[in-house]
Amino acid sequence: MKKTILSGSTVTGDLTIGNYIGAINNWKKLQEDYDCLYFLADLHALTVFQDPQVLRDRTYSFFAQYLALGLDPEKNIIFAQSHVHEHAELMWILTCLTPMGFLNRMTQFKEKAEKHVKNVNSGLFTYPVLMAADILLYQADLVPVGEDQRQHLELTRDIVGFFEHRYGAGVFKLPDAHVGKQGARVMSLQDPEKKMSKSDDNDKNFVSIIDDAKKIEKKIKSATTDSGSEITFDLENKPGLSNLMTIYSVFSGKSIQALEAEYAGKMYGHLKVDLADLVVEHLRPVRERYVELMKNRDYLDELLKKGAARAQVRARGTLDQVYKTVGLVRS
Ligand code: TRP
């Protein structure tokens, strides 16, 4: 029996090369050895204000990017969260088991509440409970998550504990974090102390998967580099340059040491020019495939529908058991 892996991304901002290197590329490898479910967290997106048309378009766009990047809709179950209503239903049950104090100490809630002062809604607060429902609904063994989501996964495990304390064990599997082999962390291009984020207000900070060649070149060439001129990997003293080297290494398959040797005696500018070319060439076929897919919404709809149907079979099994366990009458 293959182990089950589940992950998703909130449908906000633009998918970046950081998401590609840190997550999607890893998902692609996992699809060979695990039973994988990947979904578009469109309900999570609603915790901050969304223009309806933008949310709709972005959901298709993220889905098409998943496919263009090589996630296989046959090997994996790929779907939109809102298409499987069991997510919201299980969330309610779990919400009734989660003490407010536990949600109050979520770092991401505190950060987001500060960022969106005008819209500190209850969904922002209960966001991690929905995430727990996503995970528990599919009996996931492993959840590939970034550092910023680790606390939410911990909470999911706590919620299993609350459930079992009240109703006994055997309904949910206790999920673990899946830690990739070499967790390359891609940092912001202008501020390399910060992680590259798809929701960054300044689009100079990231390269999006679907940026055109001109944009990619411009963004990489204007990336912050550090004082000095030698091309050496040094996270402490040269975070900007080191970040570019990380990206270079992942896209080229060359080791950092090989890059240092190749660029000995050369200038930062040389590396930037080559890196821009490399990223452009790497993303060119992805972008082309993406453009093709986006022309055919009917096809995307059909795939989403199939994905949701496959997901729902499993989700329903878990939800039925939960409803029965907590004492809801099943007719
Ligand atoms: N909160 C995650 C993010 O913003 C997305 C997400 C929602 C998720 N539900 C999940 C990730 C369940 C893993 C498992 O990136």
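Hi everyone. The buried residues of helix α9 pack against α12, which covers residues 268–294, so let me start there, with the reminder that this is a predicted model. Which residues of α9 are buried? In this helix, residues 213–221, they are I216, K219 and I220. If you look down the axis of α9, these buried residues fall within an arc of 95°, so they line one face of the helix. On the other side of α9 you will find K214 and K218, and both of these are exposed. Notice that lysines turn up in both groups: K219 is among the buried residues, while K214 and K218 are exposed.

Let's move to the strands. Strand β1 spans residues 4–10 and is mostly covered, with six of its seven residues buried. Its partner here is strand β2, residues 35–41, and the two run parallel. How many bridges join β1 to β2? There are seven. To give you one pair to find on the screen, T4 has D35 in β2 as its bridge partner.

Now to helix α3, where I'd like to show you two residues. The first stop is Q65, which lies in this helix, residues 52–68. Is Q65 buried or exposed? With a relative accessibility of 2%, Q65 counts as buried, because the cut-off for buried is under 20%. Leaving aside residues up to four places away in sequence, Q65 touches L15, I209, I210 and Y290.

The other stop is R58, also in helix α3. Again not counting residues up to four places away in sequence, R58 touches V11, T12, G13 and Q50. If you would like a distance to try on your own screen, take R58 and L94: they are 36 residues apart in sequence, and their C-alpha atoms are 29 Å apart in space.

Next, the empty space. Rolling a probe the size of a water molecule over the atoms shows where such space is left. In this model there is one cavity of 30 Å³ or more. The largest cavity has a volume of about 40 Å³. Which residues line the largest cavity? They are Q108, F109, K112, L124, Y127, P128 and H152. Helices α6, residues 107–115, and α7, residues 122–137, each supply at least two residues of this lining. Sorted by class, the lining has four nonpolar, two polar and one charged residues.

While we are at α7, have a look at the loop between α7 and β4, residues 142–144, since that loop holds Q139. Phi of Q139 is near 55°, a positive value in a residue other than glycine.

Last topic: the second largest pocket, with a volume of about 250 Å³. This pocket is lined by 14 residues, and R185, F233, L235, S242 and T246 lie nearest its centre. Which helix gives the most to the lining of this pocket? That is α10, residues 239–252, with six residues. As for the classes in the lining of this pocket, eight residues are nonpolar, five are polar and one is charged.

That is my tour for today. Thanks for listening, and please do rotate the model yourselves.

How values were computed
Residues are numbered from 1 along each chain as its sequence is written. This is a predicted model: local features need pLDDT of at least 70, side-chain atom pairs count only at pLDDT 80 or more; totals for chains, interfaces and linings use all residues. Side-chain values use heavy atoms; hydrogens and water are left out. On a 1 Å grid over the protein atoms alone, a cavity is a set of points where a 1.4 Å probe fits but cannot get out, and a pocket is an open set with protein on both sides within 12 Å along at least five of seven lines; lining residues have an atom within 4 Å of a point. Grid points are joined across faces, edges and corners, and a volume is the space filled by probe spheres set on the points. Helices (H or I, at least four residues) and strands (E, at least two) are DSSP runs, numbered from the N terminus. Ala, Val, Leu, Ile, Met, Phe, Trp, Tyr, Cys and Pro count as nonpolar, Asp, Glu, Lys and Arg as charged, and the others, Gly among them, as polar. Buried means under 20% relative accessible area, exposed over 50%, partly exposed in between (1.4 Å probe, protein chains only). The arc is that of the directions from the helix axis to the C-beta atoms. Contact means heavy atoms within 4.5 Å. Two strands pair if DSSP finds at least two bridges between them.
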